[in-house]
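Here are some notes for a colleague who is opening this structure without having seen it before. Please read them with the sequence and the model side by side.

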Amino acid sequence: MAEVIRFEDRALKSLRDRLGAAEEARDDAIAFARGHAGATASIHHAALSLMRCESVPCLFDTIVHDWARLLEVDHAAVALKAGGRAYRIDEDGNHMLEPAWITRAMGLGKVQMRATNHGDPLFGKIAARVRTEALIPFEAEKGRLAGLILLGQEDSLPLDGAHGAKLLAFLGETLGAMLVRCGRG
């Protein structure tokens, strides 16, 4: 008489393993989506904080003093060129820079996000502590006022690729538009 081979136990174990892997992948996707939604909300809050400003000094003060909290980063500053001069505005005040430094950093013309052992020199004295940075270009008045929003983190963090860069570019575009609006008022 022929013997029946039972595949049921092995198939059931395989199905359970596959179900466990699918549930884990679903949980990872949900966690990613929640994190992404949180990042998007933070970017929107930062943009709205600029829209409440009625002067150029208010714009820079908001970035320097509010954005670190809103965007959950350790450092936020602005490096800008205007009228042949260049400045960094950070929590310690205004600092003269060489315009070539900003021109070099803006060279790519797009958001730069990177993990690093030492932040960009535009960060000034805190550059040695920066491990993850985003340099976000902005422009107003057809380039007469241009620069970078500097966001720095003291921990090495994973970077969010192309979509994260698009969200940060939105902040640069918002600052450019607000500089035009506040500069006219």
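1. In which strand is Asp90 found? This is a predicted model, and in it Asp90 belongs to strand β2, which covers residues 85-90. Asp90 counts as buried because its relative accessible area is 12%, where buried means under 20%. Its side chain reaches the backbone nitrogen of Asp92 at a distance of 2.8 Å. Once neighbours within four places in sequence are set aside, Asp90 is in contact with Val64, Ala77 and His95.

2. Asp90 also leads to the second largest pocket, since it is one of the residues that lie nearest the centre of that pocket, together with His75, Glu91, Phe123 and Ile126. The lining consists of 15 residues, and the elements that give two or more residues to it are α2 (56-71), β1 and β2. Among the contributors, β1 gives the most, with three residues. Sorted by class, the lining holds six nonpolar, three polar and six charged residues, and the space in this second largest pocket comes to about 150 Å³.

3. Strand β1, which spans residues 75-82, is where Leu80 is found. Is Leu80 buried or exposed? With a relative accessibility of 6%, Leu80 counts as buried. When neighbours within four places in sequence are left aside, the residues in contact with Leu80 include Phe60 and Ile102, and also Arg85, Ala86, Tyr87 and Ile89. Further contacts of Leu80 include Phe138, Leu145, Ala146 and Gly147. For Gly147 there is also a backbone distance to consider, as the C-alpha atoms of Leu80 and Gly147 are 4.0 Å apart in space although the two residues are 67 residues apart in sequence.

4. Lys81 likewise has its place in strand β1, but Lys81 is partly exposed, with a relative accessible area of 24%. What joins the side chains of Lys81 and Thr103? The answer is a polar contact of 2.9 Å. Not counting residues up to four places away in sequence, Lys81 touches Ala86, Pro99, Ile102 and Thr103, as well as Arg144, Leu145 and Ala146. Trp101 stands 20 residues from Lys81 along the chain, and the C-alpha atoms of this pair are separated by 9.8 Å.

5. Thr116 lies in a loop, the one between β4 (112-115) and β5 (132-140). Although it sits in that loop, Thr116 counts as buried, at 19% relative accessibility; the cut-off is under 20%, and a careful reader may want to keep both values in view. A polar atom of the Thr116 side chain lies 2.7 Å from the backbone oxygen of His118. Beyond its neighbours within four places in sequence, Thr116 is in contact with Val130, Arg131, Thr132 and Glu133.

6. A last point concerns the cysteines. How many disulfides does a search of the whole structure find? The search finds zero. Of two cysteines that may be looked at here, Cys53 counts as buried at 1% relative accessibility, whereas Cys58 counts as partly exposed at 29%.

Note on methods: Residues are numbered from 1 along each chain as its sequence is written. This is a predicted model: local features need pLDDT of at least 70, side-chain atom pairs count only at pLDDT 80 or more; totals for chains, interfaces and linings use all residues. Side-chain values use heavy atoms; hydrogens and water are left out. Helices (H or I, at least four residues) and strands (E, at least two) are DSSP runs, numbered from the N terminus. Buried means under 20% relative accessible area, exposed over 50%, partly exposed in between (1.4 Å probe, protein chains only). A polar contact is a pair of N or O atoms within 3.5 Å; within protein, one must be able to donate a hydrogen and the other to accept it, and residues adjacent in sequence count only if both atoms are side-chain atoms. Contact means heavy atoms within 4.5 Å. A disulfide is a pair of cysteine sulfur atoms within 2.5 Å. On a 1 Å grid over the protein atoms alone, a cavity is a set of points where a 1.4 Å probe fits but cannot get out, and a pocket is an open set with protein on both sides within 12 Å along at least five of seven lines; lining residues have an atom within 4 Å of a point. Grid points are joined across faces, edges and corners, and a volume is the space filled by probe spheres set on the points. Ala, Val, Leu, Ile, Met, Phe, Trp, Tyr, Cys and Pro count as nonpolar, Asp, Glu, Lys and Arg as charged, and the others, Gly among them, as polar.
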